[in-house]
Amino acid sequence: MQVRATINSTVAATTSIYVRDGGSWQLSNATDETLQLSHTVQDSERVTVTTNQDLSVTQTIVRTEEDIDRIVLTFEGAQSLSERRLWSYAQFDDAEGRIQNVWGVYSQRQYLNATRGHRLLPESYTVPSLSLRNETRLTQTLTQQFETAQTRQQTVAFPNVLEVQLIANRRQPTLEWTQQTDATSGPEITHLDGSNMSGSAAPLDRYVNLTSVSPRGYTKIVITNVDQPITEVRDIHNDSISLTTQTVREQNASLSTTVLNETHARIQLTGTDTGQPLTNRTLWLRGAAQGRATTNADGAIVVERRDLYVTASFAGVADASENAYYGPVQARVAFQPDPFDIYQLLTSLAGALVSVIAFVIFFAPFAYMRRDTG
């Protein structure tokens, strides 16, 4: 950002002359002089404008009968920190609760509008000669030529500008509720999907450093035990972000497991009411060789075990085309331990016995002879 400005100042000087008359000073003469001064200054500063970054927010309200069962917030935008619009909080309908993101309200717009303009010099404009040394004449010449110039102005929205530091207040989104609620049935965040934002480690820009926590972008937040929708989402400049709302009915999902052999198992995800496979859905795994897998056209995955037990978890997903939300479900596969191999045990014991005999035959005589020579 570059700024060039003209500062006009007026200096008033009063000169007073006093004459001593007897034992006191008497005012003899006073003169007033006014000086008109004009100074042109310019400066530049690097800033980051964040007004035009992208982020879309979809609110899925999951209902059971007429009551709200849960709310699923989905965030879609660039995964680069310098290109993603950063949201600060989401407000519930009664304004007594909100979801606070890792970013607080960082800065707000100081002015609603800005006036941008430039002066068009007349064709008769001439650059004063360098040989002109009289400052008064130089000022008069410039003033006369600029007074005849035309000024073109444009009113624009004032941009959002980040300063040198951008601070994250917390490690993950949290619920803040001002009204008193029962701890056993109060609103809570039950699921978060997120990942570290890409872009040269932490910086938003090489002049804007993150000194608190690693920046994370969240793609999904699930809130349960809430009886009201979210009405607005605000960014770090306290500007409103567009919010799309859809309503779906809750459906149950189920996971069925089949052990294929001693190391592999098949896990299938289906809708409980329809029996139809849920395809292209992510299952999170524990105790398996991989941490997650995506269901195929049959709604199934094949996992390789790492432990005796493999746990598969489905976090839940909304399907607007079916007007359904398939809730979370979890299943565990138990593998049989490796069979006891008596032959392998006897082989191990025989190897140990041979080692003992070899020690007695080869080492014991040498130890006996050393004792005699001592």
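## Exercises on a cavity and two cores

Strand β13 (residues 216-224) provides the largest share of the lining of the largest cavity, namely 3 residues; strands here are DSSP runs (E, at least two residues) numbered from the N terminus. The model is predicted, with local features requiring pLDDT of at least 70 and side-chain atom pairs pLDDT 80 or more, whereas totals for chains, interfaces and linings use all residues. Residues are numbered from 1 along each chain as its sequence is written, and side-chain values use heavy atoms, leaving out hydrogens and water.

**Exercise 1.** Describe the largest cavity and its lining.

*Solution.* Begin with the volume, which is about 70 Å³, where a cavity is a set of points on a 1 Å grid over the protein atoms alone at which a 1.4 Å probe fits but cannot get out, and lining residues have an atom within 4 Å of a point. Next, list the residues: 11 line this cavity, and the closest to its centre are R84, L86, W103, R216 and G217.

**Exercise 2.** Place β5 relative to β4 and β13.

*Solution.* First, β4 (residues 56-64) and β5 (residues 67-76) pair in the antiparallel sense over 9 bridges, pairing being called when DSSP finds at least two bridges between strands. V62 has R70 in β5 as its bridge partner. The two strands form a hairpin with 2 residues between them, and E65 in the turn has a positive phi of about 60 degrees. Then turn to β13, with which β5 pairs in the antiparallel sense over 5 bridges; here L73 stands opposite I221.

How values were computed. 1 Å grid on protein atoms, 1.4 Å probe; cavity = no way out; pocket = protein on both sides within 12 Å on 5 of 7 lines; lining within 4 Å. Points joined across faces, edges and corners; volume = space filled by probe spheres on them. Helix = DSSP H or I, 4+ residues; strand = E, 2+ residues; numbered from the N terminus.
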